[in-house]
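Subject: A structure for you to look at

Hi,

Here is the structure I promised to hand over. Please open it alongside this email, and I will walk you through what turned up.

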Amino acid sequence: MNDNSGCPGSKMQDLRKTATAVEEAPGKVKSQLQQWPIQLHLVSPVAPYFQGTDVLLTADCVGYALGSFHPDYLKGKSIAIACPKLDEGQEEYIEKIKSWLDNAKINTLTIMIMQVPCCRGLLNLAQEASRQAQRKVPIKAVVVGIQGDILSEEWL
Amino acid sequence: MTQQLELTLTDYTNKNIKDIIREFPAVADVLNSYNIGCVSCGLGTCLFKDIVQIHALSPEDEAVLMSGMARIIFPGREVAVPASQRKTRPPAGGGYSPPMKKLVDEHRLIKRWVAVIPAFIGGLDVSTESGRELIREAIDFIRSYADKYHHAKEEAILFKYFDENLEIIKIILADHENARARVREMLAALERRDKEIIAANLKAYADLLTEHIKKEDEVLYRWMDRNLTTHQVGNLFSQFQGTDEELGSATPKYEEFISKLEKKFTSKEAQNER
């Protein structure tokens with residue numbers, strides 16, 4: 001199997017030992033998802049659940065890497081997911097983010113990305129949309145490590 | 001057994017920090033080594049436990065600081081250091097949230113004014129109408145920009161997100177009242193054309209604001225940022241924009257005024273003329 005060692009975003013890494021090293025307390029973690037659909041191409045930016053709310057725009061991989069994603073980050077927010085590396089039609093993403101700001105009048109935008117370099121593209125999309133939008137909101141960037149740790153969390 | 005031995009370190013964390021410093025002056029050195037400036041604070045009525053939390057030391061530094069305090073308060077005794085009462089998140093990067101950054105940015109213009117004050121005092125002229133008009137303009141900057149526009153954002157909006165009985169907020173509010181009292185005295189002195197009283201109050205205002213802004217930029221706003229939720233940050237940002245739409249149109253006028261003062265009093269040309 002090719003380990004794609006040239007690209008940090010697709011380089012093969014075996015995390016089985018660290019992933020199972022700590023046993024979590026048993027019990028179900030309640031889903032905090034409050035809408036459907038969630039893929040950015042599929043959502044309407046002016047859907048009722050985006051109006052005036054705190055929005056989470058997250059790279060596809062984040063939800064799988066971050067163990068506490070639902071209670072710590074998704075809770076209380078509306079969401080859209082996207083992959084800045086593989087998704088096509090990303091100019092439409094900029095228009096949708098602009099519409100969140102100008103039409104849905106969202107309260108805040110939190111961008112969650114993985115630490116791999118290609119994920120920065122999602123942050124760049126959001127910043128470009130914010131530059132083009134008439135209305136500004138606080139934007140926060142959260143970078144998640146591939147082992148599910150929060151590497152940084154800051155307001156832009 | 002003395003009263004000191006009857007008290008535990010936890011009891012001391014609930015005491016006023018100035019009282020602790022008065023009782024154990026060496027505590028000041030421990031606080032200073034972590035850049036915690038309680039010694040120079042005008043009021044210093046914060047509780048020891050609040051100071052530890054507000055300054056957001058790392059858990060390791062917090063443990064070392066507590067041990068250092070314990071060695072001074074209970075010399076020669078083994079003292080159990082209470083577990084951290086930290087309720088807030090650790091600092092997230094070095095930046096402020098957008099609404100806090102807005103307040104820090106507004107401080108920049110006020111700091112430029114404070115930097116001009118010594119030379120402004122040197123050039124005070126109450127004998128001519130143009131001299132008195134310049135003083136009136138400076139007082140208007142303090143009242144309209146620094147107080148009505150900037151401090152009002154804090155008092156009418158920001159502080160409402162917190163318990164206003166917290167000592168740190170009481171201290172900030174007391175600073176605002178102190179500044180207002182200085183302005184009242186300056187206005188009264190201007191009526192009497194009393195240059196000395198205007199100068200004394202300007203000097204006191206400059207000293208007060210220098211400390212005040214440092215407290216807010218370095219301690220208060222960062223502590224508030226750690227305690228605000230993402231949702232609250234968005235709401236604050238929106239409320240501040242509302243204030244800017246209502247009162248911010250005069251900001252360019254005040255920026256121009258401060259530039260004019262800098263040119264007149266502190267620019268190279270002004271210094272060469274002296």
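Let's begin with His176(B), which touches His151(B), Glu154(B), Glu155(B), His212(B) and Glu216(B), leaving aside residues up to four places away in sequence. You can find His176(B) in helix α9 of chain B, which covers residues 167-192. Is His176(B) buried or exposed? It counts as buried, because its relative accessibility is 0%. Before you read on, please keep in mind that this is a predicted model.

Now zoom out to the rest of chain B. How many helices and strands does chain B have? There are 13 helices and zero strands, so if you follow chain B along its sequence you read the pattern α-α-α-α-α-α-α-α-α-α-α-α-α. Chain B has 274 residues, and 45% of them count as buried. Take the contacts in chain B with a separation of 6 or more: residues 24 or more positions apart account for 78% of these.

Next, have a look at where the two chains meet. The contact takes 13 residues from chain A and 13 residues from chain B. Together, chain A and chain B bury about 970 Å², with 58% of that on carbon and sulfur atoms. In case you wonder about this way of describing a contact, the size of an interface is often given as the accessible area lost when the parts come together. Which three residues supply the most of the area that chain A buries against chain B? They are Asn107(A), Pro138(A) and Trp155(A), which supply 48% of that area, more than any other three residues.

What about polar links across the interface? The count is four residue pairs in polar contact between chain A and chain B, while the rule finds zero salt bridges between the two chains. On the side of chain A that touches chain B, the elements giving two or more residues are β3 (108-114) and β5 (150-155) of chain A. Of the elements there, β5(A) gives the most, with three residues. Sorted by class, this side of chain A has four nonpolar, three polar and six charged residues.

Chain A has a proline you may like to find as well. Pro45(A) sits in the loop between α1 (16-19) and β1 (54-59) of chain A. Pro45(A) is buried, because its relative accessible area is 13%. Not counting residues up to four places away in sequence, Pro45(A) touches Phe50(A), Lys96(A), Ser99(A), Trp100(A) and Ala104(A). If you want a distance to try for yourself, take the C-alpha atoms of Pro45(A) and Thr58(A): these residues are 13 apart along the chain, and the two atoms are separated by 15 Å.

Last come the cysteines. How many disulfides does the structure hold? Over all chains there are zero. Cys61(A) is in no disulfide, and its nearest cysteine sulfur, that of Cys83(A), is 6.2 Å away. Why does that pair not count? A disulfide needs the two sulfur atoms within 2.5 Å, so a distance of 6.2 Å does not meet the cut-off. The surroundings of the two can be set side by side: Cys61(A) is partly exposed, with a relative accessible area of 46%, whereas Cys83(A) counts as buried at 14% relative accessibility.

Have fun exploring, and write back with any questions!

Best wishes

Definitions and conventions: Residues are numbered from 1 along each chain as its sequence is written. Chains are lettered from A and ligands numbered from 1 in the order in which they are written. This is a predicted model: local features need pLDDT of at least 70, side-chain atom pairs count only at pLDDT 80 or more; totals for chains, interfaces and linings use all residues. Side-chain values use heavy atoms; hydrogens and water are left out. Buried means under 20% relative accessible area, exposed over 50%, partly exposed in between (1.4 Å probe, protein chains only). Helices (H or I, at least four residues) and strands (E, at least two) are DSSP runs, numbered from the N terminus. Contact means heavy atoms within 4.5 Å. Buried area is the accessible area (1.4 Å probe) that two parts lose on being put together, summed over both. A salt bridge is a side-chain nitrogen of Lys or Arg within 4 Å of a carboxyl oxygen of Asp or Glu. A polar contact is a pair of N or O atoms within 3.5 Å; within protein, one must be able to donate a hydrogen and the other to accept it, and residues adjacent in sequence count only if both atoms are side-chain atoms. Ala, Val, Leu, Ile, Met, Phe, Trp, Tyr, Cys and Pro count as nonpolar, Asp, Glu, Lys and Arg as charged, and the others, Gly among them, as polar.
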